[in-house]
Amino acid sequence: MKYVTINGAVATISVEGRFDLCRTVEVQAELTSAYQQGCTKVLVDFIRTTYIDSSAERDLVKTRRKVRPENFSARNASNLVLAALKTAKLDTWLKNE
Amino acid sequence: MREPAKIALWVTEALEKYEDIKIYTANSGLTGFVEFNEYLPCLLIVDNDLPDISGMSFSSIVKDMDKGAYCTIYVIGVTSLIQNAKADYYFSKELDKDLFSMQIKTFFDRQFMKVQHSDELVRAKMKQSEFLPEKLETSLFKIDTIYSPFGDLSGDGIDYWYGEDKDGLYGLLFDCTGHDIVSFLQVGEIRALLKRGCKYFQLGVTSSLGDILKNANEDLFALHGDDAICTAAIVFFFDFKEKVLHYCSAGIPSFLIRYQGSLSRKKILMENYLIGYEPDVEFEEKKIVLEGVDEVIFSSDGFSELLFEDLDKNKLDNAKSDDVSAILIQMKCTENP
């Protein structure tokens, strides 16, 4: 898988560069596979991500809902990514950093 | 490396990310006809210098076959065009690897995103176009729009109207996820909720733009529970009597204002929850004095991210990656501050 790595019950999403509508289709497909392999938690690691658009944000909202908020978190958001998350008040996902 | 083998390698590399695309090769025109009939590919790349038939003749024959019309054909190695050549694209002998690979990738990206065409889809596209507001010009302002879906259907919606009292311009813009028939239905629902809210605001039933988004959010959760769709939106009201622009955003990151005498636009940043994110949240209305304002642009982030004022143009790696929608409002009446 290109964007999702599995470590036990945790599926970690890491998209290099732009995380936008075009990537969400592929990320969702990989996440589905991760759920099938027993993942129940999702972590979004923005360390390699330089930009996130509203489509990707909304897709992550759906993912958060699917695994339930307590099983969803994000980390390493900075610059444009952090600004975009703040715009929609989604920077609370980073609260546990 | 032989030219066809080199091209096959480029195509394989370009399509690395697609797991379910199969590449077939044929070493002559006649074999090509057989393989075409067997596999019915969506894309044919034809060397003009085939051993048994001109690549352009091969392409014209395929194009005129029953299934050929649905196949896109690239002919490579072309030095001159002959009459009645029916391929879709022609490439010269000096093929640039990067450009050709990009062409291939773009083709399959579009195929990948393409929604299955059906009568339903055609009807949905027509319906979506019918919802677009007409251009509007008064003595106070002129409005233009940009509405460019990424796929066949847009997840974006725009609307605006001039109040009967002639003192107010009301409008909304929203950005939902998805570009298929399901999204079309969701887009319609969001549009109805927001427009109803704006009309209530216009009639004085509600007193703040924040209530429009709050009510739409609550209604969405009441209707769909945890399946509520997530939408970015902005509603606005130009009060020409008081010369004030009122606006309230739900996840739309910014809008642009240009003042008279200025060439650059000022970005007004906004922070608020998306509609459909949490059931019980407030949305704060804000306002800006309109004096001296020459232009206001509301847009989805699919548009704002492409503007050079927001972008290092050397880092642009995607000509367009989402639905693009914008409402461009030229003011005629405001004075210098």
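In this predicted model, Ser59(B) makes contacts with residues well outside its own stretch of sequence. Leaving aside neighbours within four places in sequence, Ser59(B) is in contact with Val46(B), Ile73(B), Val75(B) and Ala87(B). Ser59(B) sits in helix H3 of chain B, which covers residues 55-64. Its relative accessibility is 0%. Buried means under 20% relative accessible area, so Ser59(B) counts as buried.

The helix around Ser59(B) follows a similar theme. H3(B) is mostly covered, with 7 of its 10 residues buried. These are Gly55(B), Met56(B), Phe58(B), Ser59(B), Ser60(B), Val62(B) and Lys63(B). The cover over these buried residues includes one helix, H2 (29-39) of chain B. It also includes strand S1 (43-47), strand S2 (72-78) and strand S3 (89-92) of chain B.

Lys63(B) also belongs to helix H3 of chain B. It carries a charged side chain by the counting used here, where Lys and Arg count as positive. Lys63(B) is nevertheless buried, with a relative accessible area of 14%. Its contacts, leaving aside neighbours within four places in sequence, are Gly68(B), Ala69(B), Cys71(B), Thr72(B), Ile73(B), Lys86(B) and Asp88(B). Ile73(B) thus appears in the contacts of Ser59(B) and again in those of Lys63(B).

Ser28(B) lies outside the helices. Its place is in the loop between helix H1 (3-14) and H2 of chain B. Ser28(B) is buried too, with a relative accessible area of 13%. Not counting residues up to four places away in sequence, Ser28(B) touches Pro51(B) and Asp52(B). Ser28(B) and Ser304(B) are 276 residues apart in sequence. In space, their C-alpha atoms are 49 Å apart.

Ala124(B) gives another pair of positions. This residue is found in helix H5 of chain B, residues 119-130. At 4% relative accessibility, Ala124(B) counts as buried. Ala124(B) and Leu185(B) are 61 residues apart along the chain. Their C-alpha atoms are separated by 9.0 Å.

Two residues stand out by their backbone angles. In chain B, phi of Lys243(B) is near 55°, a positive value in a residue other than glycine. Lys243(B) is found in the loop between strand S8 (231-239) and strand S9 (244-250) of chain B. It is partly exposed, with a relative accessible area of 22%. In chain A, Arg68(A) has a positive phi of about 80°, although it is not a glycine. Arg68(A) lies in the loop between helix H2 (54-67) and strand S6 (72-75) of chain A. At 49% relative accessibility, Arg68(A) counts as partly exposed.

The whole of chain A can be described next. It has 3 helices and 6 strands. From the N terminus on, these elements run β-β-β-α-β-β-α-β-α. The radius of gyration of chain A is 12 Å, close to the 13 Å that the globule rule gives for 97 residues, so chain A is as compact as a globular protein of that length. Along its principal axes, the C-alpha trace spans about 35 × 25 × 20 Å.

Burial and contacts add to this picture of chain A. Of its 97 residues, 55% count as buried. Among contacts in chain A with a separation of 6 or more, 69% join residues 24 or more positions apart. The accessible surface of chain A comes to about 4,500 Å². Carbon and sulfur atoms account for 49% of that surface. Chain A holds 15 positive and 11 negative charges, and the mean positions of the two sets are 5 Å apart.

Finally, the two chains meet. The contact takes 32 residues from chain B and 24 residues from chain A. The size of an interface is often given as the accessible area lost when the parts come together. Between chain B and chain A, the buried area is about 2,300 Å². Carbon and sulfur atoms give 51% of it. In chain B, the residues that lose the most area to chain A are Lys17(B), Thr177(B) and Tyr277(B). Together, these residues give 24% of what the chain B side buries.

Terms used. Residues are numbered from 1 along each chain as its sequence is written. Chains are lettered from A and ligands numbered from 1 in the order in which they are written. This is a predicted model: local features need pLDDT of at least 70, side-chain atom pairs count only at pLDDT 80 or more; totals for chains, interfaces and linings use all residues. Side-chain values use heavy atoms; hydrogens and water are left out. Helices (H or I, at least four residues) and strands (E, at least two) are DSSP runs, numbered from the N terminus. The radius of gyration is taken over C-alpha atoms; the globule rule is 2.2 Å times the number of residues to the power 0.38. Buried means under 20% relative accessible area, exposed over 50%, partly exposed in between (1.4 Å probe, protein chains only). Contact means heavy atoms within 4.5 Å. Accessible areas come from the Shrake-Rupley method with a 1.4 Å probe; for residues, only the protein chains shown count as cover. The place of a charge is taken as NZ of Lys, CZ of Arg, CG of Asp or CD of Glu. Buried area is the accessible area (1.4 Å probe) that two parts lose on being put together, summed over both.
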